[in-house]
Amino acid sequence: MNVLATIDATWFDLDKLNVLVALVILSALILYFIYHARRGKALFVRRIPGLESVEEAIGRATELGKPMLYVSGIGGAGDVATIAAMNILGYVAEQVAHYDTDLLVPCIDPVVMTIEQELVKNSYTRAGRPENYKEDNVCYLTGEQFPYAMAVSGMMVREKPAANFFMGSFAAESLILAEAGAATGAIQIAGTSAEHQVPFFIVACDYTLIGEELFAASAYLSREPLLLGCLKGQDYAKLVIIVALLAGIALLTVDACLPSEFSQWFVQLFASAGG
Amino acid sequence: MSARILAAIWRNYYRQIIYALLFGVILYASFYRGKITLRVSDMTLGVFNAVEAVPQQRARKIRTLEQELQTLRARQAGSTEVALVAAKLVRARHHSNGVILVSFDFAPDVSPELTPMAEAVVRHAFARGIRVVGIAAASAQGAPLAKTILENCAQNPRGLYPEQLSGTHYVYLGNRPDMFNTLMQMGKDMHATYETDYGGRALAGMPFMRGIKTFHDVDYLVVITGYVGVPETWMQIANTKYKAMIGMGMTAVSISGYMPYLQSKQITGLLPGLRGAAEYEIALGEPNVAVRRMVAQLFAHALVVFFIVVGNIEYLVRRRYGA
Amino acid sequence: MRAKLPMLICMVTGALLLLQFFVPHPFVQDTLLEWISNSAMIVGVFALAIGLASLLHMHGNKIKRRLPGWGFSVITLVTAAFVATIGLLKPAWGPTVAREQYVQCEPDLHGSIRTTRVVRVVHTLFGFDPQSSTTNVLIGAAIMPVRANRTPLYSWYFTYVHSALVSTTFCLLAFYMLTAAYRAMRIKSWEAALLMVAAVIVIIGQVPADQFVPLGHINGVSTFEWLKQLIMDYPNSAAKRSIIIGVALGGLATGIKILTGIERPYLGGGD
Amino acid sequence: MAPDTFMDLIGVWLAAVLSLCVFSFLFRDNILYRLTEAVFVGGSVGIGIVLTFWNGFYPKLVVPFQKFIAAVAQQPAQRWVWAAYMLLSLCLGVLFLSRFSRKQAWLSRFPMAYLIGLGTGMGIPLGIQTFIFEQTKATLIPLVVFQGELVQWAQINWIATLGNTSLVVGVLCVLYYFFFSFKKTDLFSRATSRLGVAYLMLGFGASFGYTVMARISLLTGRIDFLKEDWILGSLRYFGW
C-alpha cells in the first residue's frame, strides 16, 4: 500500500490529473470527429472572409506580373502556428505554380526554411510545373526578429510584390512588416495566433485571420473531409468549455447570493499545479 | 487650384508628412522648457510626502530612543538592553537628517521609463539633506545603470543642493546574487551582507555606514522595479518581517496588479511609470526629463487622435462629394 | 520507409514529451528535460548550417551574376563573417578598449558569483597578448584575475551597432502606428467605428489630458481614464480570453493531428 | 552611453549615423538604408553563429564531452546514457546535411520530425494548462457582486455586476463567433456572432491604443540618445 503511494507520488503528478482528463476528453472529441469524417459525409464550414480573398490576391499578382511574398511568422518548426502557416503556404504555392509569377518566402528559422522549400517544390510538382520552382525564392535571411523585419521591409520596397501574406506567430515586428507592405500598395492578408498582434494586422492589412481562424484555414482551403472533421471536433470541444463556463458561473453566482463558498471546488478543477 | 495641388501632395506624401510631424513634435518636446501643470495624484504624493517627512521622522525617532534609554538606564543600568538601545541611538544620531534606501530593481530595457523616476526620488532626498543608500537588489544587469543614475544626480545638483559625495552623502552597494537571501540578511546586518560597496571599498571602515546596519536604521524604502514578483519579495521581507515603510515605482504596464497593496496600506505610495515620475518632478518643483518625456507623450497622443479625426473627416468628405 | 520512419520518430518523441508533463520524478523533470533541450539545440546547430548555406547560395548567386544590389550582398556576407570571427575568437586576441567593464567573475573563495568592476584591462587597442585571456579586477579589496567572455571588439559591435539598430528599428513602430491609425480608423463600417472609438478612448485615457482640456471626473479619476480602465477590464479581457482559448484549442487539434500522423509537415507535402 | 573613451566616441557616432539611416527609410528607400540593412542583417547572422557556438554548442556539448572523456572509466551508467543520447542527437543533426545531396535529401526528414515532435509534444499539455485552464478559471466569476457582506438589492455594486456580466457575455459570444462547422443562419446565431465581433473590435482598439504609449517611449528614448549622447556627449568629450 505504502509502495503504491510512493509510486504515485513520483511517477504521476496528481495535481495534474485535471490536465490529463481534459486532454483525454478534448482529444477524444477531436479524434472521434476525424474518424467520423472518414466516412465521407459532406461537412459544412462557415465563410472565412480572409481566406476567400487569397485567390483574389493571387489573381491580382499574376495579372500585374508581380511577385508574391509569404512570411510564415517568427515561430520555430515546432510551433503549431507555423505549421498552420505552412499548410496555407502549400495551398498558395499550388495556385501560384500555374503562373510565371514568383513566390518569395523569406524565413527566419532554418528548419522552417527546409520544410518550406520542400513544400513549395512539391506543390509546384503537383501542379505540373516543377520547372517554375526557384530554390532561392525560399531563403533564410537571419535568425533575429528586427533584422529580419528590416530585411523583409527592404524586400517589399524593392521587389514590389503585389500580394503579401503574413501568417503564423508574430511579435512586435508585425506592424513593421504590415505598414511597410501597405506603403507599397500591395494586397495584404494576415493571420496570427498571437492575440497581441491581431490589432496591428487589422489596421494595416486588407484581411486578417483572427486567432483560431488561422488553424481553420487549411481545412477551409482544402475541404478535405479529414480536416473538416477535425474542425467539427474543435467546435464540440469549444462547446464543452462553454458548458463548463456556464455551470461554473451559475454556481458562483448562487454562491455570491447566498453568500457561501461551496462552489470553490469547481474553480479548483481548473487550478494549475503549483500555482 | 492650389487646394487641389495640396490635396495631391497630401495623397502622395501623407506618410512622409506624418512621420516628419511626429519626429518634429518629439524633438520639440525634448527641448520644451515651458511650464506644464500636472495634477499630482495621491499615489505619487504617497511617496513624495513620505520622503519629505523623513527628517522629522528621524528627529522623532531620536527623541523616542533618548526617552527609552533614560527610562531603561533608570531601571536597569549596565544591562545589554541598555547597550543595544544606546547603539541604536548612536546610529540614529549619525545621520540626523535621516536615510532612505533606494533599490534600483530594473535592467536597461525599461530604463527610459524608470530612470527619470529614480532620479527624481534621489534628487528629492539630496535636496532635503537626506542620505541615500542605493542597491540593485533584483538585477545584476541593472547594477551599472544604477551607479550611473546615482552619480548623475550627485554630480549635477542644478542648484538644488551642493555636490554630493559618494561615501559621505550616499553610498552605492550594487547587486548580490540571490535576492531573497540578500534581503533577509540585510534585515540583520548590511555590513555582513555586502562587505564592500560597488567600488570595492570595505563598508567596515566607511564612516557613512557607521550609521546604518539594518532596515531599522533606514527611514524609508523606495523600490523602483519593472519586474513582476520583485515587489512581493520586498513586501514579504522588508514590510511584513522588518516593518519598514515602503514606497514603490513601477512601469505603467505592471502597475494595476499592485494597486491592492496601496489600498491595504502596505505601501505608502506607488509611482505609475513615466507619469508618476513627471508628477514627482512637479511636486518637487523641478520639472526635468520625465516632464519632458510626458510632454512628448501628450503631444504624440494628441497627434494620433488628431490624425484619426482628420482621417475620418477626409473619409466623410470623400463619401459625400465622391473621390 | 521514407514516410513511415519520420512519422514514427515524430510520434514517439511527441508522446514521450507529452507524458513527461505528468511525471514529477526529479530525473524526468530536471535531468531528462535538460538533456532533451540540449539535444534539440545540437540538432538545431546543423539546421543553422543549412540556413547559412541557403544564405550563401542566395547572395553568392547575386554576386556571381552581378544582379542589381550585388554589392549589398557582399557587405552582408563580409559583416557576417567579420562579426562571427571577432565573436568566436578568444578574448586574448581581440583589439580592446581601455575602460571599465562589468563582468561576472568566476566564483570566489566563498563560492558566490558576483558582478564586480574591472579596474584594469590588460589589452589596449589592437594590442596582442596571447598569454592572458584574463584581466585583472578588484574583488573586495584584492586584485584577482577574471576571464572576459568575449573580445571587447565584439562587445563594442554588439552595443554600438547591433543594439543601437535594434532599438531604432523597434521605434519605427511609433511612426507606423500613426499612419496605420490614420488610414484604418475610419468609420467605414460599424466594426471599424468600434475599433476607433475604443482606441481613441484608451489613447486619451493614457495621458493626463484632463489637465489641459476639461473632460470631467468620475470616481476621482478623469472620465477618459475611467472609461479606459473599463474597456481594458471588460471587453478587452473578454476578447483576449476567448481568442486565447480558441487558439489553444486550434493548437491542440493541430498537435493531435501531428502526433497521430494525420498531418505530416516534416514531409513537406510529399510522400 | 555618453562617450568616455575614443572607441566609445566612434561607437556613439556610428550608432547615431546608423539610426539616422534607418529613419531615412521612412522617407523612401535609399542607398544608406540598404547599406545599414546589409550590415544589420549580416551582423545578426554573425551574432547568431557566435551565440549558437558559445551559448550552446561549446558549453552544452564540447565541455561536457571533454569532462566525460577525461574520466571515462569512472562514469556512472547515467552518464553513459547521456553520452549515447547526445551522440544520437549529433547523428540526427548531421542528417540535416543530406539536404546538400539531391538524392538523399529525404534523410533530413528525420531531424525535422524529431524537432516537430518535441515542439508539439511539449506544447499540448502546456497549452491546456496555461491557456485553456487559466483563461477559463479567470472567467469563472459571479454575475452579481455585492459591496458588503449583506445580500440586498441596495448593496449591489452595479458597475462590477454589469462589468462581470458583460465580460461573461463577451467571452461566450466571441467563442461562439469562432464556431466554424455550424450553419449560423438563425437570428440568435447572427446576433451572437455580431456581438462577438463587436467585443473583438473593442478589444483590438483598446490594445492598439494601449500600445501607443510604449512605442512613443521608445521613440523618445531614441531621440534623447541622438540629442544627449551623440550631440551633447560629443561636445562634452571634446571639452565643451
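**Exercise 1. Strand pairing in chain A**

Task: Determine in which sense strand 1 (residues 68-71) of chain A and strand 4 of chain A pair, and over how many bridges.

Solution: In this predicted model, strand 1 and strand 4 of chain A run parallel and are joined over four bridges. One residue pair shows the register: M68(A) has A163(A) of strand 4 as its bridge partner. The next step is to examine strand 5 (residues 187-192) of chain A, which is parallel to strand 4 of chain A and joined to it by six bridges. Here F166(A) is bridged to A190(A) in strand 5 of chain A. Finally, consider burial: strand 4 (residues 163-168) of chain A is mostly covered, with six of its six residues buried.

**Exercise 2. Two residues with positive phi**

Task: Locate K160(A) and K243(B), and state for each whether the residue is buried, partly exposed or exposed.

Solution: Begin with the general expectation that most residues other than glycine have a negative phi. K160(A), although not a glycine, has a positive phi of about 50°. K160(A) lies in the loop between helix 6 (145-159) and strand 4 of chain A. A residue counts as partly exposed when its number of C-beta neighbours falls between the limits of 12 or fewer for exposed and 20 or more for buried. K160(A) has 14 other C-beta atoms within 10 Å and is therefore partly exposed.

K243(B) is likewise not a glycine and has a positive phi of about 55°. Its loop connects helix 9 (230-241) and strand 5 (246-250) of chain B. K243(B) has 9 C-beta neighbours inside 10 Å, so K243(B) counts as exposed.

**Exercise 3. The surroundings of V99(B)**

Task: Explain why V99(B) is classed as it is, and identify the residues with which V99(B) is in contact beyond its neighbours within four places in sequence.

Solution: V99(B) belongs to strand 1 (residues 99-105) of chain B. V99(B) is buried because 24 other C-beta atoms lie within 10 Å, and 20 or more suffice for that class. With neighbours within four places in sequence set aside, the contacts of V99(B) are I130(B), R131(B), V133(B), G211(B), I212(B), D217(B), V218(B) and D219(B). For D219(B), the C-alpha distance to V99(B) is 5.6 Å, while the two are 120 residues apart in sequence.

**Exercise 4. The nonpolar core and the contact of chains B and C**

Task: State how many residues the largest nonpolar core has, and describe the side of chain B that touches chain C.

Solution: The largest nonpolar core has 325 residues, and those with the most contacts inside it are V92(A), I100(B) and A181(C). Helix 4 (residues 152-184) of chain C gives the most to this core, contributing 21 residues. Take A181(C) as an example: leaving aside its neighbours within four places in sequence, A181(C) is in contact with V203(A), V304(B), F307(B), I308(B) and A199(C).

Turning to the two chains, 32 residues of chain B are in contact with 28 residues of chain C. Helix 1 (2-31), helix 6 (142-155) and helix 12 (289-321) of chain B each give two or more residues to the chain B side. Of the elements of chain B, helix 12 gives the most, with twelve residues. By class, the chain B side divides into 17 nonpolar, ten polar and five charged residues.

**Exercise 5. Confidence**

Task: Report the scores of the model and the average pLDDT of chain D.

Solution: The model has an ipTM of 0.87 and a pTM of 0.85. For chain D the average pLDDT is 90, and 99% of the residues score at least 70.

Note on methods. Residues are numbered from 1 along each chain as its sequence is written. Chains are lettered from A and ligands numbered from 1 in the order in which they are written. This is a predicted model: local features need pLDDT of at least 70, side-chain atom pairs count only at pLDDT 80 or more; totals for chains, interfaces and linings use all residues. A nonpolar core is a set of buried Ala, Val, Leu, Ile, Met, Phe, Trp, Tyr and Cys residues joined through C-beta atoms within 7 Å. Two residues are in contact if their C-beta atoms, placed from the backbone, lie within 7 Å. pLDDT is the predictor's confidence in each residue, from 0 to 100. Ala, Val, Leu, Ile, Met, Phe, Trp, Tyr, Cys and Pro count as nonpolar, Asp, Glu, Lys and Arg as charged, and the others, Gly among them, as polar. Two strands pair if DSSP finds at least two bridges between them.
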